[in-house]
Number of protein chains: 2
Amino acid sequence: MTLTEENYLKALFHLSTENEEVSVLDLSKSLTIKMPTVNSMVKKLSGKGLISYEKYKPLMLTQSGRRAAGLIIRKHRLVEMFLVQHLGFGWDEVHEIAEQIEHIKSQRFFDRIDQLLDFPKVDPHGSPIPDINGDIAVQNYMKLEECAEKQIAMFMSVGSSQDSFLKLIDKLNLKLGDKVEILEIQDFDKTMRVLVNDASEKTLSQMVAANILVQLTV
Amino acid sequence: MTLTEENYLKALFHLSTENEEVSVLDLSKSLTIKMPTVNSMVKKLSGKGLISYEKYKPLMLTQSGRRAAGLIIRKHRLVEMFLVQHLGFGWDEVHEIAEQIEHIKSQRFFDRIDQLLDFPKVDPHGSPIPDINGDIAVQNYMKLEECAEKQIAMFMSVGSSQDSFLKLIDKLNLKLGDKVEILEIQDFDKTMRVLVNDASEKTLSQMVAANILVQLTV
DNA sequence: CTAAAAAGTTAGAATAGTCTAACAAAATTT
DNA sequence: AAATTTTGTTAGACTATTCTAACTTTTTAG
Ligand SMILES: [Mn+2]
Ligand SMILES: [Mn+2]
Ligand SMILES: [Mn+2]
Ligand SMILES: [Mn+2]
């Protein structure tokens, strides 16, 4: 498979996770590639049995397309983890590089990175790393936004990997694994006042809280 | 610059080091790409000011082409070093992977690897790593083949990175930095009997000795 | 239920990189 | 010095990936 084909599959995989139906337009926007180009690539990948495609119908990955996409995402996330843990990159700097390295042709290279990282289950953003079969564990975290006052939760993953959001989380000194207790929710704008790790109080806008994914603590 | 262009420049650089004149045919053979293709790519790179080219004349890198090539070789060798030192690859396994990773677009990525390796001056094969300006230190090592009986030398670099040669050196338990004392040279076939690190005796064929680069010990 | 808008498709063209076939120049042999 | 071989170049074609323009189908609005 070419780098280009891999990127198409990955994009379709991500879109399929977010929406139940994915259109050519969705894929086109997500890749910033014009629709006619996407249309022809979709046909090509359909010919390879990776996408199931019928004219005017939503796009779907086949079993084998899903597996292929999962394996690329696995490489991407392993690389991101490596960049953060061993090369000292910030979690806001790794995506672009991983986007390139994920296409390196060498099973062994990624196996070694996996081993060096001690077989991590999540990437630096808290997203699950697919297993060697390309299967991804389903995460069912809540948005902090949806939690109620007095609830206590653990920060498990981010809902956005936008640069500005990640940098903001850094500036707030929040890290994956932090304990977050909801002290108060403003009725007017849903702004949250929270206590982090029983130590420091922070104020989070609804937009920020919507992108903080948490697991409720019993 | 594209991956393809980078590979052309690198190949021309290496050929220029080995021979004083490099022809289109040389480049064609070295890249395993047919001459007409090479011809047109050479024109293209000439247009970009990286190769100085006149019809029917030998090929030469310009100042800026040499610099560009040096920087790619720098990345290649840093990566090889990283693969050996941090991912546990053998020196016979790293070239293919480095051949791909050298094209990653991220200055920072290579800077971090350089730092992680503590700014190495040579790669796992003993070849010099160009500096940040693409300048390569000239090595003037002797072939062990050219040394005389009784001379004592240090194994500094290999003259070939062929898989079978590297594996043979491994099997002989020879490593860069080893002290090699020439005990005897067979007149008939130039086979050498050597003492390694004052400890073990080995017999090396002339062909092997020709690819072991050493520095004479005073 | 039409008319307009949105989404999808087809056709045709461009660029990068590659090839084969044919021709031309340079180098090497007689 | 000619003949032959080797090397280099040109021309034309092919694949992969992309685009724009034009057309069609589906969806949405009135
Ligand atoms: Mn990423
Ligand atoms: Mn990618
Ligand atoms: Mn190498
Ligand atoms: Mn390369």
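**Close-up views of the DNA and chain contacts**

**View 1. Polar contacts with DNA strand D.** In this predicted model, a polar side-chain atom of N39(B) lies 2.4 Å from a phosphate oxygen of DNA strand D. The backbone of K34(A) also approaches the strand, with an N or O atom 3.0 Å from a phosphate oxygen. For Y56(A), a polar side-chain atom lies 3.4 Å from a sugar or linking oxygen of DNA strand D. A polar contact is a pair of N or O atoms within 3.5 Å; within protein, one atom must be able to donate a hydrogen and the other to accept it, and residues adjacent in sequence count only if both atoms are side-chain atoms.

**View 2. Residues around DNA strand D.** There are 21 residues around the strand, and T2(A), K44(A), N39(B), K43(B) and Y53(B) come nearest; a residue is near a strand if one of its heavy atoms lies within 4 Å of it. Of the atoms of DNA strand D that come within 4 Å of the protein, 75% belong to sugar and phosphate. The surface near the strand comprises 11 nonpolar, 6 polar and 4 charged residues. In this classification Ala, Val, Leu, Ile, Met, Phe, Trp, Tyr, Cys and Pro are nonpolar, Asp, Glu, Lys and Arg are charged, and the others, Gly among them, are polar.

**View 3. Helices facing DNA strand D.** At least two residues of this surface come from each of helix 1 (3-18) and helix 3 (35-47) of chain A, and helix 2 (24-31) and helix 3 (35-47) of chain B. Helix 3 of chain A gives the most, with 5 residues. Helices are DSSP runs (H or I, at least four residues), numbered from the N terminus.

**View 4. The interface of chain B and chain A.** Each chain places residues in the contact (heavy atoms within 4.5 Å): 19 from chain B and 19 from chain A. The buried area is about 1600 Å², with 67% from carbon and sulfur atoms; this is the accessible area (1.4 Å probe) that two parts lose on being put together, summed over both.

**View 5. Salt bridges and chain B elements.** The interface of chain B and chain A holds 2 salt bridges, each a side-chain nitrogen of Lys or Arg within 4 Å of a carboxyl oxygen of Asp or Glu. E93(A) forms a salt bridge with R108(B), the closest N and O atoms being 2.9 Å apart. On the side of chain B that touches chain A, helix 6 gives the largest share, 5 residues.

**Conventions.** Residues are numbered from 1 along each chain as its sequence is written, and chains are lettered from A and ligands numbered from 1 in the order in which they are written. Local features need pLDDT of at least 70, side-chain atom pairs count only at pLDDT 80 or more, and totals for chains, interfaces and linings use all residues, while side-chain values use heavy atoms, leaving out hydrogens and water.
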